[in-house]
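Biologist: I'm new to this one and would like a close look at a single part of it. Could you put it on screen before I ask?

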Amino acid sequence: MHPILFKIGPFTVYTFGVMVAIGIICAYFILIKLGEKEGINTNDLSDLMVWTVISGFIGARIFFFLYNPKYLHPIWRIFYFWEGGLVWYGGFLFGFITALYIAKKKNIPIWKTADIAAIAGEVGLGFGRIGCTMAGCCYGKICHSRFALVFRDPHSVAPLNVPLYPTEPVSSAANFLIAAILYLLYKRRKTPGEIFGFYFIFYGIFRFLIEFWRATPKTYFGTLSNNQIMSIFMVILGIALVIYRRKASKEV
């Protein structure tokens, strides 16, 4: 694809970084807009998002190099997030812990914020997966379909000149679709927090399925990847969260 958008002298602008930036901006405006409807202080939401994004990037990079230590040369390359190389689960874990801490510190309503953040986050991730398509990361296994992607740019992370399953654009489309479904459910939700639970369910199911076509090591039972094991727990947690929040709303 096109990992490098353009160069100006020694300065290089990577397509991945640009798409991630667009995703963050879109997610921010969605979060603020929905936050206003929920009556949440927009300044507090802005602070929460800034620190969540920063910690999310750190977590995503740490997990990427835990999975791919061969890329950690030189050591300061860990800061080159615009080149690609982010693991969603690492970013989510670090970001979630940070968001929870800030929400409690600033008395931000946790469940309402979690619901709108799930919608905004999926939109942002949809743009991020477009960046993955351009950079060649998160690539699929070799296939012989007419829909296959072939990477020829030498700066691509994916193997060159071989047909691969189009896992990145499929993931992008799925993220946007999940965001739309969550928003429709959000407009009809029965209690705050259940949208966050549905987010775990939908994303977990999709991620479990798409992993069969991604070129990630299948270390469990010779069939499942680390991400699929985490996806299973994610779906279970999502179901439990929806049940818990609906039950809690009935007891009030």
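Where is the place of Cys138? Once you've found that spot, please walk me through its backbone and then on through whatever else stands out.

Modeller: Happy to. Keep in mind as we go that this is a predicted model.

Cys138 sits in the loop between H4 and strand S3, the strand being residues 149-150. What's odd there is the backbone: Cys138 has a positive phi of about 60°, even though it isn't a glycine. As for cover, Cys138 counts as buried because its relative accessible area is 16%, and the cut-off for buried is under 20%.

Phe221 makes a nice partner for that story. Phe221 isn't a glycine, yet it has a positive phi of about 60°. You'll find Phe221 in the loop between H6 and helix H7, which covers 226-251. Unlike a buried residue, Phe221 is exposed, because its relative accessible area is 73% and exposed starts at over 50%.

Now back to H4, the helix that leads into the Cys138 loop. Let's follow its contacts, starting with charges. Arg189 and Asp115 form a salt bridge, with their closest N and O atoms 2.7 Å apart. Asp115 belongs to helix H4 and Arg189 to the loop between H5 and H6, so this pair ties together parts that are 74 residues apart in sequence. Asp115 is buried, given its relative accessible area of 0%.

Arg189 has another partner too: its side chain meets that of Glu38 in a salt bridge, at 2.5 Å from N to O. This pair also links distant parts of the chain, with Glu38 in helix H1 (residues 15-38) and Arg189 in the loop between helix H5 (167-186) and helix H6 (194-210), 151 residues apart. Glu38 is buried as well, with a relative accessible area of 14%. Put the three together and you get a network of salt bridges linking Glu38, Asp115 and Arg189.

A further salt bridge joins Lys106 and Asp47, whose closest N and O atoms are 3.5 Å apart. Lys106 is in the loop between helix H3 (88-105) and helix H4 (110-135), while Asp47 is in helix H2, so parts 59 residues apart in sequence are tied together by the pair. Both ends get some exposure: Lys106 is partly exposed at a relative accessible area of 33%, and Asp47 is partly exposed at 33% relative accessibility. The full count of salt bridges comes to six.

Next, the rings. There are 14 aromatic pairs in the structure. One of them brings us back to H4: the rings of Phe127 and Phe176 have centres 5.2 Å apart and planes at 85°, so they pair edge-to-face. Phe127 lies in helix H4 and Phe176 in helix H5, so the contact ties together parts 49 residues apart in sequence. Phe176 counts as partly exposed, at 29% relative accessibility.

Another pair looks like this: the rings of Phe196 and Tyr199 have centres 6.2 Å apart and planes at 25°, so they are stacked. Phe196 and Tyr199 both lie in helix H6, three residues apart, which is about one turn of the helix. Both Phe196 and Tyr199 are buried. They also belong to one aromatic cluster, made up of Phe92, Phe96, Phe196, Tyr199, Phe200 and Tyr203.

While we're talking about H5, have a look at Ile181, which is in that helix. Ile181 is partly exposed, with a relative accessible area of 33%. Its C-alpha atom is separated by 27 Å from that of Ala148, and the two residues are 33 apart along the chain.

Last stop, the surface. Lys33, Lys37, Lys187 and Arg188 form a positive surface patch, and Lys33 is in helix H1. There's a nonpolar surface patch as well, formed by Val50, Trp51, Ile54, Ile58, Ile62 and Leu66, with about 570 Å² of accessible area together. One of its members, Ile58, is found in helix H2, residues 42-67. Ile58 counts as partly exposed, at 46% relative accessibility.

So to come back to where you started: Cys138 is in the loop between H4 and strand S3, with that positive phi, and it is buried because only 16% is its relative accessible area.

Key
Residues numbered from 1 in each chain as written. Predicted model: local features only at pLDDT ≥ 70, side-chain atom pairs only at ≥ 80, totals over all residues. Heavy atoms only, no water. Patch = residues over 30% accessible without salt bridge, like charges linked within 9 Å, V, L, I, M, F, W, Y side chains within 5 Å. Areas by Shrake-Rupley, 256 points an atom, 1.4 Å probe, with all protein chains shown as cover. Salt bridge = Lys/Arg side-chain N within 4 Å of Asp/Glu carboxyl O. Helix = DSSP H or I, 4+ residues; strand = E, 2+ residues; numbered from the N terminus. Buried < 20%, exposed > 50% of the residue type's maximum accessible area, 1.4 Å probe, protein only. Lys, Arg positive; Asp, Glu negative; His and termini not counted. Charge placed at Lys NZ, Arg CZ, Asp CG, Glu CD. Phe/Tyr/Trp six-rings, centres within 6.5 Å; stacked < 30°, edge-to-face > 60°.
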